[in-house]
Amino acid sequence: MFYRLVRRLNQNSCSRFVSSSLSRTTEKARHPGSKTNFTHEIQFLNPQELPAIPTFRVLDNHGNIKTEDAPKISDEELVEIYKKMSLLSKMDKILLQSQRQGRISFYMTCSGEEAAVIGSAAALKDIDTVFTQYREVGVYLWRGFTLHDVMHQCFSTHKDNTKGRQMPIHYSAKKLNIQCVSSTLATQVPNAVGYAYSNKIKGIEAVTVTYFGEGAASEGDVHAAMNMAAVLKCPTLFICRNNGYAISTTTADQYAGDGIAVRAIGYGMRCLRVDGNDLFAVHRAVSEARALALENSCPVLIELMTYRVGHHSTSDDSSAYRSIDEVNYWNKEDSPVGRLGLYLMKHKLWDTEREQAYTKECRKEIMGAFNLAESSLKPSPYLVFDDVYDTHSKQLAQQRSNLEEHLKTYGEHYNLGEYDV
């Protein structure tokens with residue numbers, strides 16, 4: 001259970017932050033904020049001599065369960081999770097290619113991180129509000145965001161629920177309890193803590209979840225948010241996708257300590273490090289962390305160790321800072337989709353025939369939604385005046401009137417037939 005994992009971590013690893021060789025006294029320090037006894041010896045703690053936080057794992061690279069205490073996930077849900085992971089992988093490839101062809105302006109894939117994203121989403125409840133970063137479209141898909149929703153957003157059509165105001169992959173789904181993606185790095189993290197605090201005051205039995213990468217963890221917003229969550233005891237799940245690279249910045253250039261999970265200890269938070277490519281481990285960790293956060297009204301940090309197989313975005317060329325051999329290893333030997341697929345096949349829940357049929361089905365659905373969105377009208381230019389204020393001000397009304405007059409006179413120069421006007 002998560003409780004045992006955290007307790008073992010606290011007892012065996014965290015306790016070593018204060019060496020047992022120090023000569024302690026029974027007299028407690030009375031300084032405000034102090035929780036220790038006095039000692040008569042001086043000894044600087046060296047992080048290089050402390051044990052690293054272990055990585056929790058259930059499923060190995062060959063699709064074998066390595067523990068008798070695996071999470072209880074039904075066969076039906078496992079197949080559904082696998083299908084969503086596979087769908088996400090296939091959708092990513094098509095949209096990446098479409099950007100290279102100039103058909104959409106920008107895209108970011110989730111390649112290599114499918115288990116981290118969809119596995120965690122499957123362990124949450126619909127009442128839990130989610131604040132994503134920008135590589136968590138799998139959370140949207142799991143909660144019911146359709147391929148049409150994705151495509152209309154990426155093409156900024158008149159059916160895009162963000163009204164064409166956001167660049168591609170900046171999804172929003174209020175009806176699914178997921179907040180809008182923001183490009184500004186890590187700003188969603190303190191927002192999530194504030195939301196969790198609000199829920200706590202209102203007595204709402206739910207956790208608030210925020211995703212971020214190990215690069216974003218270097219932002220001041222993350223540190224402030226963790227401290228606030230711990231002090232105010234907000235039921236918040238901090239899910240860090242440590243995929244090895246913050247664009248081109250490696251983890252070696254990002255931090256000198258033991259990753260991200262260890263930071264929680266300094267803030268007085270519970271934490272766990274997990275194999276993010278292991279669907280079973282991710283699901284169990286998030287499920288039990290959620291229960292822990294609700295039962296104790298406290299934050300929990302989960303560091304999902306994974307690997308970003310794709311480029312950071314379509315604006316990046318990762319071959320400039322890492323080798324093809326490195327990428328190929330993670331893509332072929334430690335693929336989260338492949339690992340779960342092996343498990344399903346070994347347990348007769350999936351087979352080659354179903355895989356081939358599902359691949360064709362996915363491509364048909366993806367391309368159907370893609371072609372429809374690509375041929376759809378663009379949003380009305382008059383939407384620029386909406387949502388600025390609750391109601392249109394006199395200035396906005398005048399500006400809209402001016403635009404109407406301008407388009408009546410010069411509309412032939414603007415290809416208005418492409419817009420929903």
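## Close-up views of a predicted model

**Figure 1. His 312 sits in the loop between β10 (300-305) and α11.** As in all the views here, what you see is a predicted model. Is His 312 buried or exposed? With a relative accessibility of 12%, His 312 counts as buried, since buried means under 20%. Setting aside neighbours within four places in sequence, His 312 is in contact with Met 108, Tyr 134, Arg 135, Ile 247 and Tyr 321. Three of these names are worth keeping in mind for the next view: Met 108, Tyr 134 and Arg 135 also line the largest cavity.

**Figure 2. The largest cavity holds about 30 Å³ of space.** The count of cavities of 30 Å³ or more comes to one. Which residues line the largest cavity? The lining is made of Tyr 107, Met 108, Tyr 134, Arg 135, Glu 136, Val 137, Ile 169 and Tyr 171. Sorted by class, six of the lining residues are nonpolar, none is polar and two are charged.

**Figure 3. Ile 169, one of the residues lining the largest cavity, has a positive phi near 75 degrees.** This is a positive value in a residue other than glycine. Ile 169 is placed in the loop between α5 and α6, and at 1% relative accessibility Ile 169 counts as buried. For a second example, look at Asn 415, which is not a glycine either and has a positive phi of about 50 degrees. Asn 415 belongs to the segment after α14 (394-410) and is partly exposed, at 48% relative accessibility.

**Figure 4. Tyr 171 is one of the residues that touch the most other members of the largest nonpolar core.** This core has 79 residues, and Met 91, Leu 95, Val 150, Leu 237, Val 274 and Leu 340 join Tyr 171 among those that touch the most other members. The largest share of this core, 10 residues, comes from α2. Another core lies apart from it, with 23 residues that include Val 189, Ala 229, Ile 260 and Ala 264. Back at Tyr 171, the contacts beyond four places in sequence include Tyr 107, Val 137, Tyr 140, Phe 145 and Val 150. Gln 153, Cys 154, Gln 179, Cys 180 and Val 181 are also in contact with Tyr 171.

**Figure 5. Cys 180 lies in the loop between α5 (147-155) and α6 (188-202).** Is Cys 180 buried, exposed or partly exposed? Its relative accessible area is 34%, and Cys 180 is partly exposed. Not counting residues up to four places away in sequence, Cys 180 touches Tyr 140, Gln 166, His 170, Tyr 171 and Ser 172. The C-alpha atoms of Cys 180 and Gly 244 are separated by 25 Å, with their positions 64 residues apart along the chain.

**Figure 6. The whole structure has zero disulfides.** A disulfide is a covalent bond between the sulfur atoms of two cysteines. Why does Cys 154 not form a bond with Cys 180? The closest cysteine sulfur to that of Cys 154 is in Cys 180, and the two sulfurs are 13 Å apart, too far for a bond because a disulfide needs them within 2.5 Å. Cys 154 is buried, with a relative accessible area of 4%. Cys 240 is in a similar position: the closest cysteine sulfur, in Cys 271, is 12 Å from its own, too far for a bond. Cys 240 is buried as well, with a relative accessible area of 0%.

**Figure 7. The largest pocket holds about 420 Å³ of space.** Its lining has 23 residues, and the closest to the centre of the pocket are Ser 89, Lys 93, Ser 111, Glu 114 and Asn 331. Which helices each supply at least two residues of the lining? They are α2 (75-100), α11 (324-332), α12 (336-346) and α13 (352-374). The largest share, seven residues, comes from α2. By class, the lining has six nonpolar, 12 polar and five charged residues.

**Figure 8. α12, one of the helices lining the largest pocket, also has buried residues.** These are Pro 336, Val 337, Arg 339, Leu 340, Gly 341, Tyr 343 and Leu 344. What covers the buried residues of α12? The cover includes α2, α3 (114-122), β9 (270-275) and α10 (279-296). Following α12 comes Lys 348, with a positive phi near 60 degrees.

Methods: Residues numbered from 1 in each chain as written. Predicted model: local features only at pLDDT ≥ 70, side-chain atom pairs only at ≥ 80, totals over all residues. Heavy atoms only, no water. 1 Å grid on protein atoms, 1.4 Å probe; cavity = no way out; pocket = protein on both sides within 12 Å on 5 of 7 lines; lining within 4 Å. Points joined across faces, edges and corners; volume = space filled by probe spheres on them. Nonpolar A, V, L, I, M, F, W, Y, C, P; charged D, E, K, R; others polar. Buried < 20%, exposed > 50% of the residue type's maximum accessible area, 1.4 Å probe, protein only. Helix = DSSP H or I, 4+ residues; strand = E, 2+ residues; numbered from the N terminus. Core = buried A, V, L, I, M, F, W, Y, C linked by side-chain atoms within 4.5 Å. Contact = heavy atoms within 4.5 Å.
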